[in-house]
Structures are given as C-alpha cells and as structure tokens.
Amino acid sequence: GILLLPDIFGFCEINRNIFRIADRLAEWGYFVLLIDPFRGKPWTHDRERFPPPPAQNIKEWIATHDDQEADVLSLCQKFLQDRGCHRCATIGFCWGASRALHAMTSVPNYYLCSLSFHPSNVAPEDVAAVEGPVMFCPCKDDQSLEPIADAIKDKQWAHDCILQRFDDMSHGFMTARGDWSDIAVGKRVEDAFSMMQTFLRKHLG
C-alpha cells in the first residue's frame, strides 16, 4: 500500500495532478490512500507565487494543521491495515514530504520507505529519524541536499537512498504548479515516475 500526501493545495480543482499521480500508482498494482490532510480547506492563495509573501502567513496556516497530524496518521495506518496492506510506503509532495517522513517514523517496520518530491522545509533530523531508504528530489530554489545526505550517511541503508535534484524544474512541477502538457515538464514528470516505480519495486515489491 501507499500513503500519498499532497502539497498545500490538497484536494481542489487546480491540483488535479495529485489524482493523476494516485492513478498511476494504482496502475502499478498498489493500493493507494490519498488523504486530504486539510479537511476541505486547502491553501487557496495564488499557486504561482512561491514562496508565498509574508503577508499570507503560511506558517500560521500550516500550524493549524500540524496539531491534527498524529490523529490523521493513526487513522491512515488502520485504514490501510484493514484493507490488507501490511507493507507500505509513503510519498509526499512539498508540505507533504515532511509528513510522509513523520508517518514512516511513527510506525517503524510498517512504512518501509519514503519518497519526497519538491520537498519543503524538511529538517535533516526528520530524515535521520526514519529507519528505511528515502528518495529525495528537490527542484531549483528548493532546499540543499547536503544536510539530507549528511543525515543518512551512516545509516545501514544509505546506499539504497536516491538523492537527485530536478534543477531544470520549478517547485511543484509534479502537482498543482505543474503543467504536464508542457513538453519539458511532461518529460521530467515521466522521469520522476520512472524513478518512483523502480524505487518502489525494489523496496516495497
């Protein structure tokens, strides 16, 4: 099974790509749980402005949802287990990247690996806390890979991790801010899917 965590745009018309990602994962044979962590109230400001200007108080908005995180992750695990998913992975985009890591940490030996695309504000200690391989794929203007590499270098499974930048892409190219009909973007989306599938087949089966 796969727990899929969206970016801050959650479930909304401008974020139809997140459903396309879920469909692709399902086509590969995985049971996919795509959650709405914002409970119908996603970020509604201009998706083209990244990072958002200070006046929009995105940190305050995010904090209102962090308080619910533990309860949400507990419900996700039960939902997946009740449907026969005993080996799972987490995949997160932007805001969802750190939450995907938190999910993996919260249930050791259940979520076996975690994948992050255009991650936002992922702390090295979040990566260091997991007990399984990670894929970490930032874009241009996203955070550096060096602290992430340092956090996992002594892990037994460090050689199984994939740390790769998409510096020719803008933040959010896989989800709400990405136009897959653009030839350049579409190609890189397919590159990301290929990496994703190979990583999942190796570590999840």
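Which residue in strand 4 is the bridge partner of Ile91? In this predicted model, the partner is Leu115. The pair belongs to a longer match between strand 3 (residues 88–93) and strand 4 (residues 111–117), which run in the parallel sense and are joined over 6 bridges. These two strands sit within an open sheet of 6 strands, whose order is 2-1-3-4-5-6 and whose pairing is parallel. Strand 2 (32–34) and strand 6 (162–163) take the edge positions; each has a single partner strand, so one side of each is left without a neighbour in the sheet.

Helices pack on this sheet. Helix 4 (residues 95–106) touches strand 1 (2–5), strand 3, strand 4 and strand 5 (134–137), and its direction makes about 160° with that of strand 3. Helix 7 (residues 183–203) also packs on the sheet, with contacts to strand 1, strand 3, strand 4, strand 5 and strand 6. The direction of helix 7 makes about 170° with that of strand 4.

Helix 4 repays a closer look. At 1.5 Å a residue, its 12 residues should span 16 Å, and the end C-alpha atoms are 17 Å apart, which agrees. Of these 12 residues, 9 are buried, so helix 4 is largely enclosed by the rest of the structure. Among the buried residues are Trp95, Arg99, Leu101 and Met104. Ser98, another residue of helix 4, is buried with a relative accessible area of 2%. Leaving aside residues up to four places away in sequence, Ser98 touches Val122 and Asp126.

Turning to the cysteines, a search of the whole structure finds 0 disulfides. Cys113 is in no disulfide, and the nearest cysteine sulfur, that of Cys88, is 9.8 Å away. Cys113 counts as buried at 0% relative accessibility, and Cys76 is buried too, with a relative accessible area of 4%.

The loop between strand 2 and helix 2 (58–66) holds Asp36, which counts as partly exposed at 23% relative accessibility. Although Asp36 and Leu5 are 31 residues apart along the chain, their C-alpha atoms are separated by 7.7 Å.

Salt bridges number 8 in the model, and several of them involve helix 7. Glu190 forms one with Arg24, with the closest N and O atoms 2.9 Å apart. This pair links distant parts of the chain, since Glu190 lies in helix 7 and Arg24 in helix 1 (residues 17–27), 166 residues apart. Both partners count as partly exposed, Glu190 at 37% relative accessibility and Arg24 at 22%.

A further salt bridge joins the side chains of Lys202 and Asp160 (3.1 Å, N to O). Lys202 lies in helix 7 and Asp160 in the loop between helix 6 (146–152) and strand 6, so this pair ties together parts that are 42 residues apart in sequence. Here the two ends contrast: Lys202 is exposed, with a relative accessible area of 58%, whereas Asp160 is buried at 18%.

Within helix 7 itself, the side chains of Asp191 and Arg188 meet in a salt bridge (2.9 Å, N to O). Because they are 3 residues apart in helix 7, Asp191 and Arg188 are separated by about one helical turn. Asp191 counts as partly exposed at 23% relative accessibility, while Arg188 counts as buried at 16%. Both belong to a network of salt bridges that also includes Asp168 and Lys187.

Technical notes: Residues are numbered from 1 along each chain as its sequence is written. This is a predicted model: local features need pLDDT of at least 70, side-chain atom pairs count only at pLDDT 80 or more; totals for chains, interfaces and linings use all residues. Side-chain values use heavy atoms; hydrogens and water are left out. Two strands pair if DSSP finds at least two bridges between them. Helices (H or I, at least four residues) and strands (E, at least two) are DSSP runs, numbered from the N terminus. Contact means heavy atoms within 4.5 Å. Axes are lines fitted to C-alpha atoms, for helices over the stretch in contact, and angles run from 0 to 180 degrees between N-to-C directions. Buried means under 20% relative accessible area, exposed over 50%, partly exposed in between (1.4 Å probe, protein chains only). A disulfide is a pair of cysteine sulfur atoms within 2.5 Å. The expected span of a helix is 1.5 Å times one less than its number of residues. A salt bridge is a side-chain nitrogen of Lys or Arg within 4 Å of a carboxyl oxygen of Asp or Glu.
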